[in-house]
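Biologist: Before I rely on any of the labels used for this protein, I would like to hear how each one is justified. Could you take me through them with the model on the screen?

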Amino acid sequence: MSIESTQIIVKTPPQYALNYEWNQPDSTFEIRKVIFTPETDLKEGQVFVKTLYLSNDPFTRGVIQKVENQTLPKGRPVASVALGEVLESKNTLYKKGDVVTGIWNWSEYAIPSVIYYAIDKASKLPFTYYISVIGIAPLTAYFGLTKILKFNSDVTSETYKAKNLIIISAATGAVGAAAVQLSKHNFGISTVVGITGTDSKAKWVESIGADKAFNYNDPDFESQLSAYVTSTGGADYYFDNVGGPVLNSVLPQLNTYGKVAACGNISNFKNANNALLPNWVSIISKRLNITGLTVHDYIPEFPKALSVLEKAIEEKKLATENAYSVEDISDKSNKFELVPLVWKRIFDGSKPHGKIITKIVRNIPK
């Protein structure tokens, strides 16, 4: 049996600005129809899924980015983290009817390039939790803290907890908000500092566990951050979700031998000059340890991490209220034309706190 699927592809790879209008010469996206015949299209180890929800994440921007001296992704399907129902399977780990999360194309139906896991049918948690409060973003926060910043070893000692300070940028984002809560409530870090883009968002970050949060758009941001961090003895750790000017502002605040988890680069998508780091000398003079973070390095450890996150929810250490929002486009006849516009909200400042999820299909069981 063949199935027609609506799919979004890259028409014009962007370097900086995106054109979200359709059917223009420089439109970033284009819609096409593809035909799947699962019986013949599936290779061993693959599954065929119906998309239920799409996650909206900054990493998709890198997937479609125009990069100098590299083959352009023109015509490439746009991919993201997603959640869907298995319709056909040639993978012994997954069977028809399973609900799985992983990475696949912005498409009604798809063959995932990566499957993280199938959701336990006994779980009483909503499906939306698995691409929000215990989804890939909190997993990224967890592994950034434990694997890169080593919070499962040196930080858990009482001598360290008494004096540690961590700074977390994009603290109202899905990764940042989880990092704030896990740092404070799971690992007991004495001082957690969040950075975000408005005063109201800063207050929200403090409400979920940060001792102090700063608005990077405030003209006095750097001096305020420096005064606070200096008064506490300096920062030992930085969880960087943005790069650019915020990273540049934080580097001088770090103590000698400080650790940085380099998780995101969203600032540099907007302007090449944001990649400039006048305070680079701090990395040398302070002998900082900066390590890149890619959560897919830790897929085999996802089950263990999920159990930690689920326990954190049970113990009220990881908030679920206002932690994510669902943009329901399932009833729209042009819903795939709306998918990029929902994703756009993570860049233009209009999204709510935490994760934003796009609902594709009506009448999802839970």
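Biologist: What makes N215 count as buried or exposed?

Modeller: This is a predicted model, in which local features need pLDDT of at least 70, side-chain atom pairs count only at pLDDT 80 or more, and totals for chains, interfaces and linings use all residues. Residues are numbered from 1 along each chain as its sequence is written, and side-chain values use heavy atoms, with hydrogens and water left out. Buried means under 20% relative accessible area, exposed means over 50%, and partly exposed lies in between, with a 1.4 Å probe and protein chains only. N215 has 11% relative accessibility, so it counts as buried.

Biologist: Where is N215 found, and which residues is it in contact with?

Modeller: N215 is found in strand β10, residues 212–215, where a strand is a DSSP run of E with at least two residues, a helix is a run of H or I with at least four, and both are numbered from the N terminus. Contact means heavy atoms within 4.5 Å, and, leaving aside neighbours within four places in sequence, N215 is in contact with T196, G197, T198, D199 and F221.

Biologist: How do you know that the side chains of N215 and D199 are joined by a polar contact?

Modeller: A polar contact is a pair of N or O atoms within 3.5 Å; within protein, one must be able to donate a hydrogen and the other to accept it, and residues adjacent in sequence count only if both atoms are side-chain atoms. The side chains of N215 and D199 are joined by such a contact at 3.3 Å, and the side chain of N215 also reaches the backbone nitrogen of T198 at 3.5 Å.

Biologist: Why is helix α3 described as largely enclosed by the rest of the structure?

Modeller: Of the 13 residues of α3, which covers residues 136–148, 12 are buried, so the helix is largely enclosed by the rest of the structure. Among the buried residues are I136, P138, Y142, F143 and I148. The helix is followed by K150, whose phi is positive, near 65°.

Biologist: What makes R287 and K316 worth pointing out as residues with a positive phi?

Modeller: Most residues other than glycine have a negative phi. R287, which is not glycine, has a positive phi near 50°, and K316, also not a glycine, has a positive phi of about 65°. R287 is found in the loop between α9 (281–285) and β13 (289–292), and with a relative accessible area of 46% it is partly exposed. K316 is placed in the loop between α10 (302–314) and β14 (324–328), and at 74% relative accessibility it counts as exposed.

Biologist: Why is E39 called partly exposed, and which residues does it touch?

Modeller: E39, found in helix α1 (residues 38–41), has a relative accessible area of 44%, so it is partly exposed. Not counting residues up to four places away in sequence, E39 touches M1 and K90, and a polar atom of its side chain lies 3.3 Å from the backbone nitrogen of M1.

Biologist: How do you know that the protein chain is as compact as a globular protein of its length?

Modeller: The chain has 11 helices and 15 strands. Its radius of gyration is 21 Å, close to the 21 Å that the globule rule gives for 366 residues, so it is as compact as a globular protein of that length. The radius is taken over C-alpha atoms, and the rule is 2.2 Å times the number of residues to the power 0.38.
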